[in-house]
Number of protein chains: 2
Amino acid sequence: MADSTLKQIAKELSLSVSTVSRAINGKSVVNADTKKRVLELAEKYSYTPNEVARSLQKCSTETVAVVLPDISENFFGTIVKEIDSAVSKEGYMLLLADTHERADKENKYLDMLYKRQVDALVLATVDIDGASSARFRNGGKPVIFIDNVPKAENIDAITIDNKKASFMAVEYLKSQGHKNIATIIGSKEETTGAERLEGYRDALKKLCLSENEDLIAFGDYKRESGYIAMKKLLENRENAPFSAVFVTSEKMTYGALDAIKEASLSVPEDISLIGFDVHERYKGGHKIASIRQPEEEIGKLVGKQLLSKLKNQNADGEHILLEPLLYKGDTVKAV
Amino acid sequence: MADSTLKQIAKELSLSVSTVSRAINGKSVVNADTKKRVLELAEKYSYTPNEVARSLQKCSTETVAVVLPDISENFFGTIVKEIDSAVSKEGYMLLLADTHERADKENKYLDMLYKRQVDALVLATVDIDGASSARFRNGGKPVIFIDNVPKAENIDAITIDNKKASFMAVEYLKSQGHKNIATIIGSKEETTGAERLEGYRDALKKLCLSENEDLIAFGDYKRESGYIAMKKLLENRENAPFSAVFVTSEKMTYGALDAIKEASLSVPEDISLIGFDVHERYKGGHKIASIRQPEEEIGKLVGKQLLSKLKNQNADGEHILLEPLLYKGDTVKAV
DNA sequence: CCTTTCTTTGCAAACGTTTGCAATTCTTAT
DNA sequence: ATAAGAATTGCAAACGTTTGCAAAGAAAGG
């Protein structure tokens with residue numbers, strides 16, 4: 001009963017394996033009667049094709065790898081959900097890996113995934129030069145970057161316009177009368193962080209706001225680092241005063257808020273704050289102003305691009321830039 | 001360069017494929033010198049074993065399927081992260097599927113996963129009798145249920161004690177002086193919902209609180225359904241008054257809060273509320289009181305159990321019950 | 001020097017499919 | 001009745017591994 005194979009069915013019906021295979025797959029013509037007999041027996045034995053064997057033969061596993069720094073983040077969870085939704089319609093499944101934002105784990109996972117012959121890769125990398133994914137790209141496997149985009153030739157990526165995101169945040173704060181705006185950046189080593197920083201600087205210039213290197217603090221995207229960075233900014237506030245802060249990741253935003261609370265200050269009375277990727281679930285509660293990425297749209301687009309690339313290995317690399325969204329909450333006060 | 005095989009290496013060194021295989025795998029004894037030559041050439045060609053072929057031969061894919069209703073929920077995201085963390089240490093990877101809480105999708109995915117010969121399955125099912133997973137269990141593959149537990153023999157599951165969870169919520173509300181407590185249940189068809197309902201009823205009895213069927217509303221775990229259920233409760237409030245409500249899922253909690261806000265009522269002034277699986281990220285903000293599942297612990301335990309079951313197909317089914325957690329927020333007022 | 005034992009290697013089957021080609025049978029038209 | 005063509009089926013190789021068994025060779029013991 002359990003786990004019958006083509007061979008068993010063939011034997012029982014005195015047919016060859018190939019005929020049984022053809023009857024079941026229906027690509028090739030088979031006699032209507034034999035087809036019926038095969039199908040009936042397959043049904044009776046609840047035959048299940050072994051995809052592993054098929055993959056070996058076809059050189060395709062119908063599997064897409066998704067490698068992310070933190071699946072428990074809503075941002076990535078939503079993206080994964082949309083990708084799954086899109087590609088599963090065409091029979092693909094997702095192999096998922098959570099790198100905990102660590103390059104060594106990323107490499108280890110990409111290794112395992114390469115061995116497993118995945119057909120394509122979606123990657124939120126912590127690797128700047130794209131070395132970790134080079135094998136896939138050279139092997140002609142579609143690789144789509146979300147979040148960080150390595151500096152290499154012919155890269156496919158779908159991200160928001162990070163410079164614009166910073167600009168929108170700064171512009172909004174200025175429109176509310178803020179003149180001294182601090183920021184907490186995730187990492188200037190990675191493209192995402194670097195671009196947000198660049199966007200912040202450009203915005204200050206373009207909007208004629210005072211620039212001050214002491215108003216720029218760095219973290220590593222984790223909550224704790226947001227807390228530390230904010231604390232540092234606050235301790236130095238006499239030298240480098242500011243009325244608003246732009247925190248460039250969700251977890252760091254919560255960390256920054258922790259630090260503000262700990263310093264017995266309130267938002268937005270003492271400090272205005274705008275975060276990144278912060279979702280307000282409770283409509284009645286405290287709403288954190290935030291720049292947000294359209295994660296559903298990103299996920300859907302990634303899914304679509306994946307399918308298209310998997311069909312036709314065509315096309316040069318293309319970096320699709322999406323518009324960031326500005327959510328005005330109640331953590332920014334007009335001054 | 002790209003994608004060399006054992007055969008190629010064997011040919012170039014005038015060896016047999018088996019020797020090369022043995023040299024690389026190191027299980028069997030090979031002459032030290034030939035081993036060195038093989039390893040060098042493998043390095044040069046950056047040989048990568050084809051896991052698909054290996055899986056076919058070994059009848060094991062070193063892959064665990066994780067099937068969930070909604071990966072974008074923090075609860076499931078955290079669980080997946082922990083499972084990945086645990087099993088990847090032993091070389092396993094996760095195939096992920098998001099069922100959108102739909103039985104037909106669940107079936108489709110389980111089908112695909114079965115064909116792909118996954119070694120084990122972690123399942124948050126919407127299927128009550130366990131039929132969807134029967135193939136896996138009969139095939140001797142470890143299956144661990146989280147969330148809903150089907151009513152069948154010899155089931156492995158790791159969940160919180162749902163009846164106790166309800167009891168804790170009701171007890172807490174009573175301790176704050178509430179006498180008429182409404183509830184919104186996800187689904188009485190599934191074990192999780194049924195147990196939470198049962199726990200609610202038991203608690204009312206045991207704590208000598210008034211029971212009233214009109215104070216029980218049903219949803220389907222989605223936000224919208226929480227909104228509708230709460231609206232219904234509110235509309236009927238004259239007939240069936242209540243001062244507090246216990247909402248038994250995260251998304252329904254947000255929906256219920258939406259409805260309360262829409263009715264121009266406030267929490268906790270007009271209605272006290274305690275939710276389920278609600279996480280407060282912003283420590284300074286409005287904190288929603290909530291029963292919570294220790295999701296990290298669940299994930300870690302699932303990972304551990306998986307590895308143990310994958311090693312020794314021993315043991316009868318075992319339902320591990322964990323303690324729910326009570327987080328007192330500021331959405332419950334003493335009356 | 002012959003037998004025994006150990007080391008090293010290769011052969012070949014197996015895992016479960018797919019698929020090009022050839023062989024067989026059945027139609028059908030001349 | 002016979003040839004041509006179409007329909008159906010089977011053979012065998014291929015995908016890239018692993019592994020039991022046997023063969024060959026080397027070392028060692030008598």
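# Backbone features and symmetry of a two-chain model

Pro268(A) sits in the loop between α11 (250–262) and β9 (272–276) of chain A, where helices (H or I, at least four residues) and strands (E, at least two) are DSSP runs numbered from the N terminus. The peptide bond that leads from Val267(A) to Pro268(A) is cis, with omega near 0 degrees. In chain B, a cis peptide bond with omega of about 0 degrees joins Val267(B) and Pro268(B), and Pro268(B) is placed in the loop between α11 (250–262) and β9 (272–276) of chain B.

The model is predicted: local features need pLDDT of at least 70, side-chain atom pairs count only at pLDDT 80 or more, and totals for chains, interfaces and linings use all residues. Residues are numbered from 1 along each chain as its sequence is written, chains are lettered from A and ligands numbered from 1 in the order in which they are written, and side-chain values use heavy atoms, with hydrogens and water left out.

Chain A contains twelve helices and twelve strands. The C-alpha trace of chain A spans about 90 × 45 × 30 Å along its principal axes. Of the 335 residues in chain A, 56% are buried; buried means under 20% relative accessible area, exposed over 50%, and partly exposed in between (1.4 Å probe, protein chains only).

Two non-glycine residues with positive phi are listed below.

| Residue | Phi | Loop | Relative accessible area |
|---|---|---|---|
| Asn154(A) | near 60 degrees | β4 (143–145) to β5 (156–160), chain A | 51%, exposed |
| Tyr221(B) | about 80 degrees | β7 (216–218) to α10 (223–235), chain B | 13%, buried |

Asn154(A) also belongs to the surroundings of Gly317(A): leaving aside neighbours within four places in sequence, Gly317(A) is in contact (heavy atoms within 4.5 Å) with Asn154(A), Ile155(A) and Asp156(A). Gly317(A) is found in the loop between α12 (295–311) and β11 (319–322) of chain A, and is partly exposed at a relative accessible area of 29%. Its C-alpha atom is separated by 11 Å from that of Phe145(A), 172 residues apart along the chain.

A turn of 180 degrees and a shift of 0.1 Å along the axis lay chain A on chain B with an RMSD of 0.1 Å, the copies being superposed by least squares on the C-alpha atoms of residues with pLDDT of at least 70 in both. This is the relation of a two-fold axis. Leu95(A) comes closest to the rotation axis among the residues of chain A, at 2.3 Å (C-alpha). Because 100% of the interface residues of chain A are also interface residues in chain B, the copies meet through the same surface.
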